[in-house]
Amino acid sequence: MRALVRDPGRAEGLRRQGAEVITGDVTDPASLRGSFDGVDYAYYLVHAMAGGAGFAGREQEGAVNFARAAKQAGVRRVIYLGGLGEALSEHLRSRHATALALQAEGPPLTYFRAAMVVGARSESYRTLRYLVKRLPVMIAPAWLRTETQPIAVQDAVEYLALAPEIPASLGREVQIGGPDVLAYGEMLDRMALAMGMRPRPQVPVPLISPALSSLWLGLVTPVDTNVARPLVEGLRSATVVTDPSGAEPFGIRPLGFDEALRRALEEERAEGPPA
């Protein structure tokens, strides 16, 4: 496996796992020269929300540069993980536009679409955990009633890894999710139970805007506000699997939400006490 990183100083974990680490930046086409030499399958797992305003433009630029470099080098397929749901927010629009750019400019694309990925390092998962841990009572904006279909990180990785072996996934969209469709409010309750705590009372505040919600999250969680705001704006849209046909050839039986939470919490405990 070869990993393209902007900061090689943060890639020691990849090296320990046997990856070849090279330095490059998808927004700098010159830095990508030689990156794809000898590569058959290229995974695009990049987003630019942490950079703040203008992230959608940077994501488009990066996708186009990556796709063109991959095509020029003879890469057989690009595999991309985007988001489920209608494009009601800049974040979700950008995720889909990234897929279209990769498809138009590069090799054949496998376009995975997922909602929340449940894992110890997932920003969405960390947000849920911090809300439960730090707040005895929660304000409940309308988006807590929005339905979503989370998937365990182990299952998302398995789909990505199997894609080159599944001919039917070439050149198509593959919607993936776990077996549970839940409202975000219910996910908070299940997180509390998984942590051995009582579910937190939720006080309805239907008029709170996504912008105010993201500022509130910034006060009570360590999640970067630049990331929190586009994520919260995306919560207005249901993120559920509407076409399971693309995932069927993979033969994967995804974990339920409660088991995904248990494994994420167990991984955190193994790494040390959470903040």
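A salt bridge here is a side-chain nitrogen of Lys or Arg within 4 Å of a carboxyl oxygen of Asp or Glu. With that in hand, welcome to this predicted model, in which 14 salt bridges are found. One of them joins R263 to E259, with 2.9 Å between the closest N and O atoms. The structure also has seven aromatic pairs, and a nonpolar surface patch made by V137, V203 and V205. The points below take these topics one by one.

**Salt bridges within a helix**

- Let us start with R263 and E259, whose closest N and O atoms, at 2.9 Å, fall inside the 4 Å limit for a salt bridge.
- Both residues belong to helix 9, which spans residues 257–271, and because they are four residues apart there, about one helical turn separates them.
- R263 is partly exposed, as its relative accessibility is 32%, and E259 is also classed as partly exposed, at 26%.
- This pair has company: a network of salt bridges links E259, R262, R263 and E266.
- Another salt bridge brings together the side chains of E12 and R15, with an N to O distance of 3.7 Å.
- E12 and R15 sit three residues apart in helix 1 (residues 12–16), so about one helical turn lies between them.
- E12 has a relative accessibility of 42%, which makes this residue partly exposed, and R15, at 36%, is partly exposed too.

**A salt bridge between two helices**

- R68 and E105 form a salt bridge in which the closest N and O atoms are 3.0 Å apart.
- Because R68 is in helix 2 (residues 55–72) and E105 is in helix 3 (residues 90–105), this pair ties together parts that are 37 residues apart in sequence.
- R68 counts as partly exposed with 47% relative accessibility, and E105 is partly exposed with a relative accessible area of 26%.

**Aromatic pairs**

- As a reminder, a pair of aromatic rings is described by how far apart the centres are and by the angle of the planes.
- The count of aromatic pairs comes to seven.
- In one of them, the ring centres of Y44 and Y80 are 6.2 Å apart and the planes stand at 45 degrees, so this pair is tilted.
- Y44 lies in strand 3 (residues 41–44) and Y80 in strand 4 (residues 77–83), so their contact ties together parts that are 36 residues apart in sequence.
- Y44 and Y80 are both buried.
- For Y159 and F250, the ring centres are 5.3 Å apart with the planes at 65 degrees, and the pair is therefore edge-to-face.
- Y159 and F250 link distant parts of the chain, 91 residues apart: Y159 is in helix 5 (residues 153–162), whereas F250 is in the loop between helix 8 (225–234) and helix 9.
- Y159 is buried, as its relative accessible area is 4%, and F250 is buried as well, at 7% relative accessibility.
- Beyond single pairs, ring pairs link F36, Y44, F66, Y80 and Y111 into a cluster.

**A charge over a ring**

- R129 lies over the face of Y130, at 4.5 Å from the ring centre.

**Strands 1 and 2**

- Side chains alternate along strand 1 (residues 2–5): A3 and V5 point to one face and are buried.
- R2 and L4, by contrast, point to the other face of strand 1 and are not buried.
- Strand 1 pairs with strand 2 (residues 20–23) in the parallel sense, over four bridges.
- The bridge partner of V5 in strand 2 is T23.

**Nonpolar residues at the surface**

- V137, V203 and V205 make a nonpolar surface patch of about 200 Å².
- V205 is placed in the loop between strand 12 (202–204) and helix 7 (210–220).
- With a relative accessible area of 31%, V205 is partly exposed, and this value clears the cut-off of over 30% that residues need to be part of a patch.
- L45, found in the loop between strand 3 and helix 2, is exposed, with a relative accessible area of 53%.
- L45 and G82 are 37 residues apart in sequence, and in space their C-alpha atoms are 8.3 Å apart.

Methods. Residues are numbered from 1 along each chain as its sequence is written. This is a predicted model: local features need pLDDT of at least 70, side-chain atom pairs count only at pLDDT 80 or more; totals for chains, interfaces and linings use all residues. Side-chain values use heavy atoms; hydrogens and water are left out. Patches are made of residues with over 30% relative accessible area and no salt bridge: like charges are joined within 9 Å, nonpolar side chains (Val, Leu, Ile, Met, Phe, Trp, Tyr) within 5 Å. Accessible areas come from the Shrake-Rupley method with a 1.4 Å probe; for residues, only the protein chains shown count as cover. Buried means under 20% relative accessible area, exposed over 50%, partly exposed in between (1.4 Å probe, protein chains only). Rings of Phe, Tyr and Trp (its six-membered ring) pair if their centres lie within 6.5 Å; planes under 30 degrees apart count as stacked, over 60 as edge-to-face and the rest as tilted. A charge sits over a ring if NZ of Lys or CZ of Arg is within 6 Å of the ring centre and within 35 degrees of the ring normal. Two strands pair if DSSP finds at least two bridges between them.
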